[in-house]
Amino acid sequence: MAKKLKATCQSPANIAFIKYWGKKNEKLRIPQNNSISMNLSNIYTITTVEFSEDYPKDSFELRNEPVSEKEKKRVFEHLDRIRKKAGIAYKARVVSINNFPKSTGLSSSSSGFSALTLAACLAAGLNLSKREMSKLTRQASGSACRSIADGFVEWQAGNNDKTSYAYSLFSSDYWKIYDVVVIVSKEKKQVSSTRGHALAKTSPFLKKRLEKMEKKIKDLKNHFKNRDFSAFGELSEKEALNMHAVMITSSPSLLYWTTGTLNLMKLIQQWRKKGLEVYFTINTGQDIHILTLEKNLKRLTRKLKSLKFVKKIIVNKPTLGTREIKKHLF
Ligand code: DP6
């Protein structure tokens, strides 16, 4: 009987506290700086990949959402990388499902490309270490390489394909930080992250940002070591604004925020003044991630639910990285 070249994986999106913005090498996705993130327990992608001689060409279907030709091409190019590594020529059928809307800044590429990489590698019989898996994933989408490892993760920028990969700094049970994702609009973002990265170098502030990066990373790691939530939250919020300063001052300018985003940022800073310890971070999109501790969750969610412009909230804890699951999507 022919061997079944099929596997299914589940992978979390991740939120970066120290952001990846700008690349030293666009093609290989070598970032300008190290970044540090946490895997999110309730925002994930499930992907099934099957290679077979019966498939005349590659196909990719995302359940519940349309996929553009450009997005399909990115998936097929990644399959080519994996086929080359595994020494197989079969075409593949890929089916994915996200439990959240894509292209709104919730990092669908991080969960999507990490799930695709592991599922395709397992289906092709490629048994790679987590480090190798992270390098391979990075070539499809940078932030996705951080979703491969467990819990809290650092992506070492490196200088080339061999030295740029992510690894776990702390396991998911090290610190119970919550990330409450607040969807303020279901609008799709106008400029993709990939295009945005390429514009980073047009900002006069990118150089300044990178000069301070080493110290920032050292400080964040110390706050983790001491489990100092206030220092951690302050640093994360400042870092998100720092990255957005680069985006806003790029040519053309990238302004991802909507009025809902800005309203919520201001409210978060006010709530904090009144003793509710919450901080925000935000990626390329309008949705906000609120960082907090368990003791503040009830009060925070009550406040969020009373806001008219809040469409949905998703409460996340730290979680494991990409993993195989037994139930296939087809
Ligand atoms: C703002 O990983 O989506 O979310 O490598 O081109 O796929 P590509 O970019 P992507 O960029 C993510 C940028 C960010 C910050 C971060 O997650 O670190």
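A residue counts as buried when its relative accessible area is under 20%. Keep that cut-off handy for this predicted model.

**Exercise 1.** Work out whether F152 and F224 are buried or exposed.

*Solution.* Start with F152: its relative accessibility is 0%, so F152 counts as buried. Now take F224, which comes out at 1% and therefore counts as buried.

**Exercise 2.** Classify the ring pair F152 and F224, then say which elements it ties together.

*Solution.* A pair of aromatic rings is described by the distance of the centres and the angle of the planes. For F152 and F224 the centres are 5.1 Å apart and the planes sit at 65°. Planes over 60 degrees apart count as edge-to-face, so that is what this pair is. Next, place the residues: F152 is in strand β7 (residues 152-156) and F224 is in helix α7 (residues 213-225), so the pair links parts 72 residues apart in sequence.

**Exercise 3.** Do the same for F170 and Y174, and find what sits over the ring of Y174.

*Solution.* Here the centres are 4.0 Å apart and the planes at 20°, so F170 and Y174 are stacked. Both of these residues are buried. Over the ring of Y174 you'll find the charged end of R227, 4.0 Å from the ring centre. Zoom out, and F152, F170, Y174 and F224 turn up in one aromatic cluster, whose members also include W175 and Y279.

**Exercise 4.** Find polar side-chain partners for the ligand's oxygen atoms.

*Solution.* Check R74 at 2.7 Å, then S141 at 2.8 Å, then R29 at 2.9 Å. As for cover, the protein hides 97% of the 460 Å² of accessible area the ligand has on its own.

Definitions and conventions. Residues are numbered from 1 along each chain as its sequence is written. This is a predicted model: local features need pLDDT of at least 70, side-chain atom pairs count only at pLDDT 80 or more; totals for chains, interfaces and linings use all residues. Side-chain values use heavy atoms; hydrogens and water are left out. A polar contact is a pair of N or O atoms within 3.5 Å; within protein, one must be able to donate a hydrogen and the other to accept it, and residues adjacent in sequence count only if both atoms are side-chain atoms. Accessible areas come from the Shrake-Rupley method with a 1.4 Å probe; for residues, only the protein chains shown count as cover. Rings of Phe, Tyr and Trp (its six-membered ring) pair if their centres lie within 6.5 Å; planes under 30 degrees apart count as stacked, over 60 as edge-to-face and the rest as tilted. Helices (H or I, at least four residues) and strands (E, at least two) are DSSP runs, numbered from the N terminus. Buried means under 20% relative accessible area, exposed over 50%, partly exposed in between (1.4 Å probe, protein chains only). A charge sits over a ring if NZ of Lys or CZ of Arg is within 6 Å of the ring centre and within 35 degrees of the ring normal.
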